[in-house]
Amino acid sequence: NDVGAVYAAAVEAVLRGRRGQGPTLLECRTYRWRGHVGPSWDTDVGVKRRDELKDWLPKDPIVRARDRLQTAGVASAVLDRIDAEARREVEEALAFARESPYPSDQDLRAHVYWSGAES
């Protein structure tokens, strides 16, 4: 949940690879507080989950990154512009997806591996 730490680890992984020292696996663990299939808050899945959300929301990596940038002197107007641009990009991608035709059955099965064994 720390974008600065993830960035630093990614830079080190790239440098390590370029030095010929092999690949690096970065495990970035976070917490999902929105629904899998929509923008709704996941507050309808039980008391325990609501308590977890209460604990995790202050750890929001975007909010924390914004706070860190403001503390470092980046103007709120600049951060607001970046936020608006990101939201616009997401809205455009969502509109594109909604307006696009469904893929063909053949395309849906492309690059899918099945061993043939029943699960």
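**A walk around the model**

Start by selecting Val 11, which is found in helix α1, residues 3-18. Helices here are DSSP runs of H or I with at least four residues, numbered from the N terminus. Before you go on, note that this is a predicted model, where local features need pLDDT of at least 70, side-chain atom pairs count only at pLDDT 80 or more, and totals for chains, interfaces and linings use all residues. Residues are numbered from 1 along each chain as its sequence is written, and side-chain values use heavy atoms, with hydrogens and water left out.

Val 11 is partly exposed, at 34% relative accessible area (buried is under 20%, exposed over 50%, partly exposed in between, with a 1.4 Å probe and protein chains only). Add Tyr 7 and Leu 15 to your selection: with Val 11 they form a nonpolar surface patch of about 290 Å² accessible area together. Areas come from the Shrake-Rupley method with a 1.4 Å probe. Patch members have over 30% relative accessible area and no salt bridge; nonpolar side chains are joined within 5 Å, like charges within 9 Å.

Next, pick Glu 27, in the loop between α1 and α2 (47-56). Glu 27 is exposed, at 62%. Show Val 6 too: the two are 21 residues apart in sequence, yet their C-alphas are 9.3 Å apart. Both help line the second largest pocket, and so do others, including Asn 1, Cys 28 and Pro 61. Helix α1 gives the most to that lining, with four residues. A pocket is an open set of points on a 1 Å grid over the protein atoms alone, where a 1.4 Å probe fits, with protein on both sides within 12 Å along at least five of seven lines; lining residues have an atom within 4 Å of a point.

Now for the salt bridges (a Lys or Arg side-chain nitrogen within 4 Å of an Asp or Glu carboxyl oxygen). How many does the structure hold? There are five. Select Arg 19 and Glu 12, whose closest N and O atoms are 3.0 Å apart. Then try Asp 80 and Arg 66, at 2.6 Å. That pair links distant parts of the chain, with Asp 80 in helix α4 (76-99) and Arg 66 in helix α3 (61-71). Still in α4, Arg 88 and Glu 92 meet at 2.9 Å; being four residues apart, they are separated by about one helical turn.

Last stop: His 111, in the segment after α5 (105-109). Its phi is near 65°, a positive value in a residue other than glycine. Most residues other than glycine have a negative phi. His 111 is also exposed, at 86%.

Note on methods: Helices (H or I, at least four residues) and strands (E, at least two) are DSSP runs, numbered from the N terminus.
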